[in-house]
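Visitor: I am new to this one. Please show me the structure, and let me ask how each description is justified.

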Amino acid sequence: MKKRKLNLKGRLFQKRLKRLFKTLILAGLVLILVSLLFNTLVKLPINSSKPVDAILVLGGSIQREMYAATLASQSPDLPIIISQGSKEPCIWQIFQRQLAPNKKVWLEKCANSTFENFVFSVPLLHRWGVHKVKVITSGTHLPRAKWLAQIHLGAQGMAVEIEIVKEWGVPGNRESTLKTQLDVARSLIWAVLSQIVHPPCFNLIPLNEVNLSAWEQEGFVCEHQGGV
């Protein structure tokens with residue numbers, strides 16, 4: 001009899017744990033959905049009417065970084081993230097040549113794809129409390145870059161303004177329908193996960209801390225279009 005009572009108590013305890021676990025999962029999903037809806041339906045429309053307060057440069061062409069240096073000269077107070085762009089000394093020289101301030105420029109070196117450009121940059125922008133982002137890319141990177149920007153940033157309630165930079169020479173990005181479809185699909189999934197997951201980049205370099213002397217000793221080559 002005692003064994004039966006113990007077994008019944010054990011089964012009841014297990015059932016309660018399962019119910020609690022299911023309730024917690026359901027509550028978590030509801031909170032994620034509420035957060036996503038609030039960001040896209042409330043914050044995003046409000047932020048769309050606000051001025052740009054940060055710049056995100058998608059790596060792939062030194063000409064995008066040249067344009068970013070021009071913007072930095074015009075708007076020195078705007079923080080800039082250059083996501084997996086050219087080598088550090090090349091970007092440093094471009095900003096020096098433009099006499100552009102580099103104290104608010106960060107080089108994000110964690111991303112290995114356009115998808116990861118946003119995965120690692122968006123949490124930083126979110127932490128800064130950014131409302132609207134100017135995303136710098138080029139025509140060869142469209143429409144994929146634009147759609148990914150709208151999904152990743154929009155999921156956090158941040159508005160997007162796409163700036164297209166003219167390129168010459170070998171295209172910085174090579175697009176395909178399959179690549180675009182795959183990136184859009186996983187970005188939609190990430191839009192949900194990003195409500196609770198914010199992966200940090202542990203390879204974030206302030207541009208004003210780049211050691212040009214060390215790079216010169218090591219040796220480096222920049223894209224010839226940059227003229228540096």
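Guide: Start with a contact between two helices. This is a predicted model. Ile62, Glu65, Met66, Ala68, Ala69 and Ala72 in α2 meet Cys90, Ile91, Ile94, Phe95 and Arg97 in α3.

Visitor: How do the residues of the contact of α2 with α3 divide into nonpolar, polar and charged?
Guide: Nine are nonpolar, none is polar and two are charged. Ala, Ile, Met, Phe and Cys count as nonpolar, whereas Glu and Arg count as charged.

Visitor: Why is α2 called oblique to α3?
Guide: Take the angle. Helix α2 (residues 62-74) and helix α3 (residues 88-97) pack at about 40°. Angles under 35 degrees count as roughly parallel, and 65 to 115 as roughly perpendicular. The value of about 40° fits neither range, so α2 is oblique to α3. Their axes are 9 Å apart.

Visitor: What is the handedness of the crossing where α2 passes α3?
Guide: That crossing is right-handed.

Visitor: Why is α4 described as roughly parallel to α6?
Guide: Use the angle again. Helix α4 (residues 114-128) and helix α6 (residues 177-193) pack at about 20°, with axes 10 Å apart. Roughly parallel requires an angle under 35 degrees. About 20° meets that cut-off, so α4 is roughly parallel to α6. The crossing of α4 and α6 is right-handed.

Visitor: Which residues of α4 and α6 meet?
Guide: Thr114, Phe115 and Val119 in α4 meet Asp183, Arg186, Ser187 and Trp190 in α6. The residues of this contact divide into three nonpolar, two polar and two charged.

Visitor: Now the strands. In what order do the six strands form the open sheet?
Guide: The order is β5-β4-β1-β2-β3-β6, and the pairing is mixed.

Visitor: What makes β5 and β6 edge strands?
Guide: Each pairs on one side only. Strand β5 spans 159-165, and β6 spans 204-206. From one strand to the next, the twist averages 25°.

Visitor: How do you know that β3 and β6 pair?
Guide: Count the bridges. Pairing needs at least two bridges. Strand β3 (residues 105-108) and β6 have three, so they pair, in the antiparallel sense. Trp106 has Pro206 in β6 as its bridge partner.

Visitor: Which strands does α2 lie across?
Guide: Helix α2 lies across β1 (54-58), β2 (80-83), β4 (132-138) and β5. It runs at about 145° to β4. Helix α5 (residues 144-154) also packs on the sheet, where α5 touches β1, β4 and β5. The direction of α5 makes about 160° with that of β5.

Notes. Residues are numbered from 1 along each chain as its sequence is written. This is a predicted model: local features need pLDDT of at least 70, side-chain atom pairs count only at pLDDT 80 or more; totals for chains, interfaces and linings use all residues. Side-chain values use heavy atoms; hydrogens and water are left out. Axes are lines fitted to C-alpha atoms, for helices over the stretch in contact, and angles run from 0 to 180 degrees between N-to-C directions. Helices (H or I, at least four residues) and strands (E, at least two) are DSSP runs, numbered from the N terminus. Angles under 35 degrees count as roughly parallel, over 145 as roughly antiparallel, 65 to 115 as roughly perpendicular and the rest as oblique. A crossing is left-handed if the near helix is turned anticlockwise from the far one by less than a right angle, and right-handed if clockwise. Contact means heavy atoms within 4.5 Å.
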